[in-house]
Amino acid sequence: MSPVAVVERDERVAELLELVMERNAFQRGRLEALGLGTGSRLEDLPPLTKLELVADQERNPPFGTNLTFPVDAYTHVHQTSGTTGRPLRVLDTADDWRWWRARFAHTLEVAGVGSADRVALAYSFGPHIQFWAAKEGLQEIGSMSVALGGMTSVQRLKTIGEVGATAVWCTPTYALRLLEVAIEQRLESTLDTVERVLCTGEPGASLPAVQSRIEEGFEARCVDHAGLTEAGPFGYPCPDGHGLHVDEREFAVEILGEDMQAAPGGERGELVLTPLNRTGFPVLRYRTGDIVVNSDERCPAGHDDRWLPGGIVGRTDDMVVIRGMNVYPSAIEEAVRNIDSSGEFRITFYTEPSGLDEVKLEVELEEGSEARRLQETMRQQLGIRVRIVPVAPGLLPREEGKARRVVDDRAPRWQRP
Ligand SMILES: [Zn+2]
């Protein structure tokens, strides 16, 4: 970041602090409890977790106290998916909603989507912000939104073909599922006009093996982006290089280790964000739970904004410690997707009678002999032994949205020998 940009960011943080100290009971309460307030530096503020916001909302239903303005000023309520605990309601004012719209429009522009595009939204519109904000962004740049909610995969494929959609927007898991159905039903030609697959919601599309599988299957570019209901759409794709960028005029970016200190250069850490211009439901130093690599390098294309090489490489809540090693399911997925004939998979963490934790990987393989190759890759890349159980293609369950491929059956500590 340039020295001028740092000064601008600090000024914005100071304004934000002034605003929340005056008007936001939740933020004022937690800062005052630590003797902090207007004039505090960003790095002095306590990192904020989703749990704190959820607890506040439970104590003060239905919206909690993290509100800078009277409830009447808010125009949108969405909720988090609740994959890790209770869902959280997040409110936006009309101004904040315009911010979402502009951020999504920016991501789409960078991804090369324009007014001539017809974008198929391959999901149902639920309470999650992603769907609505995506549609707003498309409206802002003048693209055509093709809603595919409430349809089967076959109906979606046929619609994509009939309207000549140029882009499909979905989770990476669903993009792979759609391909599978297209092949099964001999509907591959419905995807002929698709030039881009816009992925979101899971780390998958940042994994090189998943990305190239989507690109080869669709014969289209696979574009990743990232966002969170609580923090906003923070990650836009690097149009030339790989990975994601974070717009630093909109977000103060920190990458912290488990001790909540800056992660060393080149190491993984948790992405901690402060959206600078969304004020209705502000989050200061928000722990996103997304694991990224702390790199101070510029991206290969030389863009100014902070670069996250490899995008989101995992989630803190996904990480499992097996015999002292941090194991990310996304790293296992990357190894699986590198085997051309692999299909769906399921990872189970479990405890042996001896008390040692182990990893079992059930994976659909066309040739059982590939299990050995996979095991060797895991040993080399993850440094752990993974028990591989090859299963016949089509046997494991398929899901439409975010996949649940991880089962944690490990015994609690007190039950161990
Ligand atoms: Zn770049």
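Student: Let's start with Pro62: which two elements does its loop lie between?
Tutor: Keep in mind that this is a predicted model. Pro62 sits in a loop rather than in a helix or strand. The elements on either side of that loop are helix H3 (50-59) and strand S1 (74-79).

Student: And what is the peptide bond from Pro61 to Pro62, cis or trans?
Tutor: Most peptide bonds are trans. For the step from Pro61 to Pro62, though, look at omega, which is near 0 degrees. That makes the bond cis.

Student: Where is Met260, and is it buried or exposed?
Tutor: Met260 is in the loop between strand S11 (251-256) and strand S12 (268-275). Its phi is near 65 degrees, a positive value in a residue that isn't glycine. Its relative accessible area is 18%, and the cut-off for that class is under 20%, so Met260 counts as buried.

Student: What is the phi of Arg285 near?
Tutor: Arg285 is placed in the loop between S12 and S13, and with a relative accessible area of 5% it is buried. Most residues other than glycine have a negative phi. Arg285 isn't glycine and its phi is positive, near 55 degrees.

Student: On to the metal. Which residues coordinate the zinc ion?
Tutor: The donor atoms are two SG atoms, one NE2 and one ND1, at 2.1 to 2.3 Å. In sequence, the donor residues follow the spacing C-x6-H-x53-C-x3-H. They are Cys238, His245, Cys299 and His303.

Student: What arrangement do the 4 donor atoms make around the zinc ion?
Tutor: Go by the angles, which run from 96 to 117 degrees. Four donors pass the test if all angles lie between 85 and 135 degrees. That is why the arrangement is called tetrahedral.

Student: How many residues apart in sequence are the parts that His245 and His303 tie together?
Tutor: His245 lies in strand S10 (residues 244-246). His303 is in the loop between strand S13 (286-293) and strand S14 (306-308). So the pair links parts whose separation in sequence is 58 residues.

Student: What is the relative accessible area of His303?
Tutor: Take His245 for context: at 0% relative accessibility, it is buried. His303 falls in the class between under 20% and over 50%, so it counts as partly exposed. Its relative accessible area is 23%.

Student: Which element gives the largest share of the lining of the largest cavity?
Tutor: The structure holds 2 cavities of 30 Å³ or more, and the largest has a volume of about 60 Å³. Its lining includes Arg103, His106, Phe234 and Tyr236, and by class it has 4 nonpolar, 3 polar and 2 charged residues. Helix H4 (94-110) and strand S9 (232-237) each supply at least two of the lining residues. The largest share, 4 residues, comes from S9.

Student: Which elements give two or more residues to the lining of the second largest cavity?
Tutor: This cavity has a volume of about 40 Å³, and among its lining residues are Thr107, Leu108, Trp169 and Val223. The lining divides into 6 nonpolar, 2 polar and 1 charged. The elements you want are H4 and strand S7 (221-224).

Student: Which residues touch the most other members of the largest nonpolar core?
Tutor: That core has 48 residues. A second, separate core has 27 residues, including Val146, Leu148, Ala165 and Cys170. Back in the largest core, Phe234 also lines the largest cavity and Trp169 lines the second largest one. The residues with the most contacts to other members are Trp169 and Phe234.

Student: How far apart in space are Asp192 and Ala165?
Tutor: Asp192 is in the loop between H7 and strand S6 (196-199), and at 62% relative accessible area it is exposed. Asp192 and Ala165 are 27 residues apart in sequence. C-alpha to C-alpha, their distance in space is 8.9 Å.

Student: Last one: which residues are the closest to the centre of the second largest pocket?
Tutor: The second largest pocket has a volume of about 670 Å³. Of its 26 lining residues, H7 gives the largest share, 7 residues. By class, the lining has 5 nonpolar, 8 polar and 13 charged residues. The closest to the centre are Glu180, Arg213, Asp340, Ser342 and Gly343.

Notes:
Residues are numbered from 1 along each chain as its sequence is written. This is a predicted model: local features need pLDDT of at least 70, side-chain atom pairs count only at pLDDT 80 or more; totals for chains, interfaces and linings use all residues. Side-chain values use heavy atoms; hydrogens and water are left out. On a 1 Å grid over the protein atoms alone, a cavity is a set of points where a 1.4 Å probe fits but cannot get out, and a pocket is an open set with protein on both sides within 12 Å along at least five of seven lines; lining residues have an atom within 4 Å of a point. Grid points are joined across faces, edges and corners, and a volume is the space filled by probe spheres set on the points. Ala, Val, Leu, Ile, Met, Phe, Trp, Tyr, Cys and Pro count as nonpolar, Asp, Glu, Lys and Arg as charged, and the others, Gly among them, as polar. Donors are N, O and S atoms within 2.8 Å of the metal (3.2 Å for Na, K and Ca); water is not among the atoms, so sites may look incomplete. Four donors count as tetrahedral if all angles lie between 85 and 135 degrees; four count as square planar and six as octahedral if opposite donors are over 155 degrees apart and all others between 65 and 115; anything else is irregular. Buried means under 20% relative accessible area, exposed over 50%, partly exposed in between (1.4 Å probe, protein chains only). A nonpolar core is a set of buried Ala, Val, Leu, Ile, Met, Phe, Trp, Tyr and Cys residues joined through side-chain atoms within 4.5 Å.
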